[in-house]
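Got the viewer open? Here is a walk through the model, one selection after another.

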Amino acid sequence: MNEQVTKRLTMAQAIIAFLKNQYVERDGKEQPFFAGCFGIFGHGNIAGIGQALQQMPEFRYYQARNEQAMVHSAAAYAKTKNRLQTFACTSSVGPGATNMVTGAALATINRLPVLLLPGDIFARRNVAPVLQQLESEHTQDISVNDCFKPVSRYWDRISRPEQVLTSLPEALRVLTSPAENGAVTLALPEDVQTEAYDYPEAFFRRRVWHIPRNRPDRHALEQSAAWIRASKQPLIVAGGGVIYSEATDILRRFVGQTGIPVGETMAGKGSLRYDHPLNIGAIGATGTFAANRIAKDADLIIGIGTRYSDFTTSSKSAFQNPAARFINLNVGAFDASKHLALPLVGDAQVTLEELLELVAGYSVEANYRAQAERLHAEWDSEVERIYNVRHTPLPSQGELIGAVNELSAPDAIMVCAAGSLPGDLHKLWRARHPENYHMEYGYSCMGYEIAGGLGIKMAAPGRDVYVMVGDGSYLMMNSEIVTSIQENYKLIIVLLDNSGFKSIGALSRSLGQEGFGTRYVYPHNGRWPTDAVGADVQTLPVDLAANARSLGAHVIECKTYADFVAALKTVQTTDRTSVIYIQNDRYVAIPNYEGWWDVPVAEVSEMSSVQAARAEWAAMRAQERYFLGQ
Ligand SMILES: Cc1ncc(C[n+]2csc(CCOP(=O)(O)OP(=O)(O)O)c2C)c(N)n1
Ligand SMILES: [Mg+2]
């Protein structure tokens, strides 16, 4: 195409015309990088991006209900697509824009690509302050969109239309980079969006971004093989990178050949099927006794695609072998270098293939393998036990999780993000395929569940999507039920009502704070009731089932486990987003299986319960380690 031929477009039209021609390719498979654009219009984007989307309907516009939610939908979509496809999100200026900041943080923390296009204040400034503008006495070169800087992997403000010629390629470089992934924000002043420029036509030609599978340094690879051969009790920690890289098959071969057991992080659960004899399940604070016992004595930890969050490492207390050392296989040097590891900076799939050749003939000793397999089997019986608790009068969360797991189709996707569910699901969910367990636990953001569920269903319309959501999260963000009905993407929402925060209630009690501020009840004698008040509280007149019905969902209210099982069967044939509502017990908990999470306790207090909790905490705190390499 002739570089000199130009096309006169507004800046907003140029952005959409560019985005719709961006493709990615990995392993020879090509697909458009953007599935379309979510948006909510206001004066900050209607005449710019709004007009451009109207003019180019082939780049599909999706009307969302809440800007934060639409970024969650985009991130969940990208996660389901293993980061090979995502959405753009357009907002107005001001509150519409800042509503996206939480979504941006979530995407960046989880290393998921989303392109955010918030409207911005006038570049020409003469009419300032425009409605919703934050003014500053010391500069005119600032707006609320500067809040996106720390939560974006790339940030730019487009104050002249031709700037997109250099900005959009940078945006795509970051969004398609396996290592630099996250939110990209292009702040678009509302006047500049509508201004025309003669863009070179070549800018809009079809462009394919190759997603590389980088290989690590050969020396590091050989050293890794030597470390593995020297190890007596190695452990693999499988993180989200295994799944994004589509390295689950090679991981299974690697494990089969070497006999190294696998513990899974929140993002990595599903890396290996739950019933693989060397899958010792969830690791860390919300881990299984199987993974946590193996971790405690491991002399070599091979982290694959993990950030080593505090949940994974039990706040750095999980690995107690004084000789423990780490090999970290990661696309990003940052994560690969954690714990002063031997860094294998590369793609999980190709690196595991090369590593497997280098460790040919190596296998862990038979008794170590047998120990891991025994722990796997013992853990499986524990899950079975919890699935079969039949608690009354209100059912327990564990048995409800079991019912969803057993009654959902083998290829279904379950999504969750915050509350007591993630910890229980991490332990109990039997993951049958790599996308089966979609947990947003980088940001653990209440409100992700339903919005994320929508993004997942859009990415995998042929699969059933089960949204597991607590009453607190549901109250915080249920708006995308409406969008799911508008777009005919059916979600199965399992709404577990325990009158407030079961998770933070339990945390509060563990800190000696008696559940203060964690129940949904009226104040008691003018104060916040603690557990000490017991049943002597007035519950709130909230009807979440009616709320869901009012948004257009098909709602099934359950009282018992039997009702719940029946509802799970019924929702398989409903024609639209369906909500299964059930109250469940607030106090029956899934035990802690030798994991720990460092939440500091008040150092001084007038409450003896807090003093006792502080003493317990101090003993655990002493288990935390620095890993200083070998
Ligand atoms: C946006 C946001 N605000 C606050 C928190 C802290 N937090 C974590 S879990 C939780 C309570 C969740 O309540 P609910 O959804 O009912 O789940 P439950 O704990 O009852 O299982 C809170 C407040 C959070 N994770 N996200
Ligand atoms: Mg709750």
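## Start at strand 4

Select Ala 35 first, which sits in strand 4 (residues 34-39). Keep in mind as you go that this is a predicted model. Ala 35 is partly exposed, because its relative accessibility is 23%. Show what surrounds Ala 35: leaving out residues up to four places away in sequence, it touches Tyr 62, Tyr 77, Gln 85, Thr 86 and Phe 87.

Now zoom out and pick Ala 230 as well. The C-alpha atoms of Ala 35 and Ala 230 are 48 Å apart, with the two positions 195 residues apart along the chain.

## The six-stranded sheet

Next, colour the strands. In what order do the six strands of the open sheet run? Reading across, the order is 5-4-6-7-9-8, with parallel pairing. The edges are strand 5 (61-63) and strand 8 (154-157), each of which pairs on one side only. From one strand to the next, the twist averages 20 degrees. As background, strands of a sheet pair through backbone hydrogen bonds, either parallel or antiparallel.

For a look inside the sheet, select strand 7 (residues 114-120) and strand 9 (residues 183-189), which pair in the parallel sense over five bridges. One register mark to label here: Val 114 has Ala 183 in strand 9 as its bridge partner.

Stay with the sheet and show the side chains of Arg 157 and Asp 120. They form a salt bridge, with the closest N and O atoms 2.8 Å apart. Arg 157 belongs to strand 8 and Asp 120 to strand 7, so the pair ties together parts that are 37 residues apart in sequence. Both Arg 157 and Asp 120 are buried. Add Asp 141, Asp 146 and Lys 149 to the selection and you have a network of salt bridges that links them with Asp 120 and Arg 157.

## Strand 2 and its partners

Move on to strand 2 (22-26). Is it enclosed or open to the outside? Five of its five residues are buried, so strand 2 is largely enclosed by the rest of the structure. Both faces are covered: Gln 22, Val 24 and Arg 26 are buried on one side, Tyr 23 and Glu 25 on the other.

Val 24 makes a handy anchor for seeing the partners. Strand 2 runs parallel to strand 11 (residues 207-210), joined by four bridges, and Val 24 has Trp 209 as its bridge partner there. Strand 2 also pairs with strand 3 (residues 29-32), this time in the antiparallel sense and again over four bridges. In strand 3, Gln 31 stands opposite Val 24. Strands 2 and 3 make a hairpin with two residues between them, and Asp 27 in the turn has a positive phi of about 55 degrees.

## Two more salt bridges

Show Glu 246 with Arg 26. Their side chains meet in a salt bridge at 3.5 Å, N to O. Glu 246 is in the loop between helix 8 (240-244) and helix 9 (248-258), while Arg 26 is in strand 2, so the pair ties together parts 220 residues apart in sequence. Arg 26 counts as buried at 8% relative accessibility, whereas Glu 246 is partly exposed at 32%.

Then pick Lys 20 and Glu 58, whose side chains meet at 2.5 Å, N to O, in a salt bridge. This pair links distant parts of the chain, 38 residues apart: Lys 20 is in the loop between helix 1 (11-19) and strand 2, and Glu 58 in the loop between helix 2 (46-55) and strand 5. Lys 20 is partly exposed at 27%, and Glu 58 counts as exposed at 53%. The count for the model comes to 35 salt bridges.

## Two helices

Jump to helix 7 (residues 218-230) and select Ser 224. Ser 224 is buried, because its relative accessibility is 0%. Beyond its neighbours within four places in sequence, Ser 224 is in contact with Ile 327, Leu 342, Leu 344 and Leu 355.

Helix 16 (residues 448-459) is next: 12 residues, reaching 16 Å from first C-alpha to last, close to the 16 Å expected. How many of its residues are buried? The answer is 12 of 12, so to speak of helix 16 as mostly covered is fair. Among them are Tyr 448, Glu 449, Lys 457 and Met 458.

## Last stop: the magnesium ion

Finish at the magnesium ion (ligand 2), coordinated at 2.0 Å by Asp 471 (OD), Asn 498 (OD1) and Gly 500 (O). Along the chain, its donors follow the spacing D-x26-N-x1-G. Asn 498 and Gly 500 are both buried.

Key: Residues are numbered from 1 along each chain as its sequence is written. Chains are lettered from A and ligands numbered from 1 in the order in which they are written. This is a predicted model: local features need pLDDT of at least 70, side-chain atom pairs count only at pLDDT 80 or more; totals for chains, interfaces and linings use all residues. Side-chain values use heavy atoms; hydrogens and water are left out. Buried means under 20% relative accessible area, exposed over 50%, partly exposed in between (1.4 Å probe, protein chains only). Contact means heavy atoms within 4.5 Å. Two strands pair if DSSP finds at least two bridges between them. Axes are lines fitted to C-alpha atoms, for helices over the stretch in contact, and angles run from 0 to 180 degrees between N-to-C directions. A salt bridge is a side-chain nitrogen of Lys or Arg within 4 Å of a carboxyl oxygen of Asp or Glu. Donors are N, O and S atoms within 2.8 Å of the metal (3.2 Å for Na, K and Ca); water is not among the atoms, so sites may look incomplete. The expected span of a helix is 1.5 Å times one less than its number of residues.
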